Amino acid sequence: MQGTPQLQPVIDGLAFAEAPRWHGGKLWFSDMYTHSVHYLKPDGQLTTVAEVPGKPSGLGWLPDGRLLVVSMAERKLLRLEAQGLVEHADLSQLA
C-alpha cells in the first residue's frame, strides 16, 4: 500500500496569487498584494514580467501575443509593451 502523497510548495513568498492561466508553456498569474505579474516555467523558474501599482488581477493575451492585465484599483486594462505597461482601455466609467 502506498503512503499518503506529501504536498510540497513549488514557490513561496507570494501574497495573493490569482488568475492562473497556462499560456506559451508557462503558468502565468498575478499577485494582487505584491503588485506583480509572474510566470512559472515547468522547471520551477519564476519570472516577474510586470509591476502593477493598481493591484493586478485577470490576465489575457491579444491575438498577436501581447499580455493584457487588469489593474483593479485604476479600473483599467493594461497592455505589456517593450517599454512596459501602457493603457489599453480605461474602464473606470463602466466599473
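Tutor: Two strands pair if DSSP finds at least two bridges between them. Strands are DSSP runs (E, at least two residues) and helices are runs of H or I (at least four residues), both numbered from the N terminus. This is a predicted model: local features need pLDDT of at least 70, side-chain atom pairs count only at pLDDT 80 or more, and totals for chains, interfaces and linings use all residues. Residues are numbered from 1 along each chain as its sequence is written, and side-chain values use heavy atoms, with hydrogens and water left out.

Student: How many helices and strands does the secondary structure come to?

Tutor: Zero helices and eight strands. From the N terminus on, the elements read β-β-β-β-β-β-β-β.

Student: How do you know that strand E6 and E7 are joined?

Tutor: Count the bridges. Four of them link E6 (residues 67-71) to E7, with the strands running antiparallel. Four bridges satisfy the cut-off of at least two, so E6 and E7 count as paired. Val69 has Leu78 of E7 as its bridge partner. Leu68 has Arg79, also in E7.

Student: What lies between E6 and E7 in their hairpin?

Tutor: Four residues. Arg75, in that turn, has a positive phi of about 55°.

Student: What makes E7 and E8 a pair?

Tutor: Six antiparallel bridges between E7 (residues 76-81) and E8 (residues 84-90). The rule asks for at least two, so the pair passes. One bridge sets Leu77 against Ala89 in E8. The hairpin from E7 to E8 runs through two residues.

Student: In what order do the four strands of that open sheet stand?

Tutor: E5-E6-E7-E8, with antiparallel pairing. E5 and E8 are the edge strands, each pairing on one side only. From one strand to the next, the twist averages 30°. Such angles lie between N-to-C directions and run from 0 to 180 degrees, with axes fitted as lines to C-alpha atoms (for helices, over the stretch in contact).

Student: Which order do the strands of the other open sheet follow?

Tutor: E1-E2-E3-E4, again with antiparallel pairing. Strand E1 (17-23) and strand E4 (46-51) each have a single partner strand, so one side of each is left without a neighbour in the sheet. Neighbouring strands here are turned by 25° against each other on average, direction ignored.

Student: How do you know that E2 and E3 pair?

Tutor: Five bridges connect E2 (residues 26-31) and E3 (residues 36-40) in the antiparallel sense. Five satisfies the rule of at least two, so the two strands pair. Trp28 stands opposite Tyr39 in E3.

Student: What holds such pairs together, in general?

Tutor: Strands of a sheet pair through backbone hydrogen bonds, either parallel or antiparallel.

Student: Why is Gly54 called buried?

Tutor: Its relative accessible area is 4%. Buried means under 20%, exposed over 50%, and partly exposed in between (1.4 Å probe, protein chains only). At 4%, Gly54 is therefore buried. Gly54 sits in the loop between E4 and strand E5 (56-61).

Student: What does Gly54 touch?

Tutor: Ser71, Met72, Ala73 and Glu74, leaving out residues up to four places away in sequence. A contact means heavy atoms within 4.5 Å. From Gly54 to Arg75 is 21 residues along the chain, and their C-alpha atoms are separated by 8.2 Å.

Student: Why does Thr47 count as buried?

Tutor: Thr47 has 18% relative accessibility, which puts it in the buried class. Thr47 belongs to strand E4. Setting aside neighbours within four places in sequence, Thr47 contacts Val37, His38 and Tyr39.

Student: What makes Ala17 partly exposed?

Tutor: A relative accessible area of 44%. That value falls between the two cut-offs, so Ala17 is partly exposed. Ala17 is in strand E1. Beyond four places in sequence, Ala17 touches Phe29, Ser30 and Asp31. Ala17 and Ala89 are 72 residues apart in sequence and 24 Å apart in space, C-alpha to C-alpha.

Student: How many of the 95 residues count as buried?

Tutor: 31% of them.

Student: What does the C-alpha trace span along its principal axes?

Tutor: About 60 × 25 × 20 Å.

Student: Among contacts between residues at least 6 apart in sequence, how many join residues at least 24 apart?

Tutor: 19%.
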